[in-house]
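User: I would like to go through this chain with you. Could you bring it up?

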Amino acid sequence: MRLYRFFTEERIQRNGRAVIGDQKLLHQWRHVLRLKPGDEVILFDGFGQDFRCELASLETKEAVCLVRESTKSASAPAQQLCLFVSLIKRERFEWLLEKVTELGVAQIRPIIADRSEARRFNLERAKTIGKEAAEQSGGTLPALYESMELQNAFQEYHFFKTIAFDPNGEPFKKSGWNSEEKLGACIGPEGGWSARELEFFRKQKATVSSLGAPTLRAETAAVAVTSLLLLES
């Protein structure tokens with residue numbers, strides 16, 4: 001029988017028990033999957049551990065899970081990648097979020113750029129999408145944050161070595177980035193980075209690189225960049 005994998009914010013107790021009170025999760029277990037006491041599930045907490053658990057009880061308001069086995073979650077990429085993505089239309093951003101989560105991105109920070117198509121970002125919905133993608137892929141849950149201005153992002157993430165992708169940049173070569181533990185990758189909006197933003201990148205000593213032809217849509221570029229940086233060649 002397939003073991004379903006679920007994210008939980010509830011911490012596993014020292015006695016090997018987890019009490020689940022998430023009503024959406026309980027509804028899914030009881031009414032969608034029709035689980036019952038004695039069935040097993042896999043819980044992961046976003047801290048690198050998977051827990052194979054037996055349902056000791058499954059009631060309307062809570063479930064008690066007994067840990068039967070603890071293992072490390074699927075191996076995270078050696079590099080920690082923070083993706084700075086200009087806000088784009090909601091449906092396309094949500095697709096981007098799902099795919100880069102499956103690929104193993106560590107953090108996602110939406111950016112308000114000069115040419116951003118959108119200005120609003122629903123953090124709670126984004127967390128739900130990221131959680132579901134991590135459950136499905138067997139990977140880890142990326143850290144998700146509210147949107148911020150590009151300049152503020154560089155102040156907060158100054159310890160990341162950063163690449164900004166732009167069609168007019170120098171051709172990207174992965175070999176120069178293999179040894180970097182923490183990377184930041186900046187993906188611009190559909191209209192590209194403005195001249196002001198490109199100048200800002202240069203002042204911040206960020207590398208401006210190109211993926212080459214053809215010109216990619218923002219969400220496609222984000223997936224391509226994440227794959228190039230995190231997947232083994």
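User: How much area does the chain expose, and what share do carbon and sulfur atoms supply?
Analyst: The chain exposes about 12700 Å², and carbon and sulfur atoms supply 47% of it. Accessible areas come from the Shrake-Rupley method with a 1.4 Å probe, with only the protein chains shown counting as cover for residues. This is a predicted model, in which local features need pLDDT of at least 70, side-chain atom pairs count only at pLDDT 80 or more, and totals for chains, interfaces and linings use all residues. Residues are numbered from 1 along each chain as its sequence is written, and side-chain values use heavy atoms, with hydrogens and water left out.

User: What percentage of the residues count as buried?
Analyst: Of the 233 residues, 46% count as buried, meaning under 20% relative accessible area (1.4 Å probe, protein chains only).

User: How many helices and strands are there?
Analyst: The chain has six helices and twelve strands; these are DSSP runs, numbered from the N terminus, with helices being H or I of at least four residues and strands E of at least two.

User: Turning to α3, which of its residues are buried?
Analyst: Leu 123, Ala 126, Ile 129, Gly 130, Ala 133, Ala 134 and Glu 135 are buried in α3.

User: And what do they pack against?
Analyst: The buried residues of α3 pack against β1 (5-7), β3 (40-44), α2 (90-103) and β8 (143-144).

User: What comes just after α3?
Analyst: Gly 138 follows, with a positive phi of about 80°.

User: Last topic: what are the overall dimensions?
Analyst: The C-alpha trace spans about 60 × 35 × 30 Å along its principal axes.

Note on methods
Buried means under 20% relative accessible area, exposed over 50%, partly exposed in between (1.4 Å probe, protein chains only). Contact means heavy atoms within 4.5 Å.
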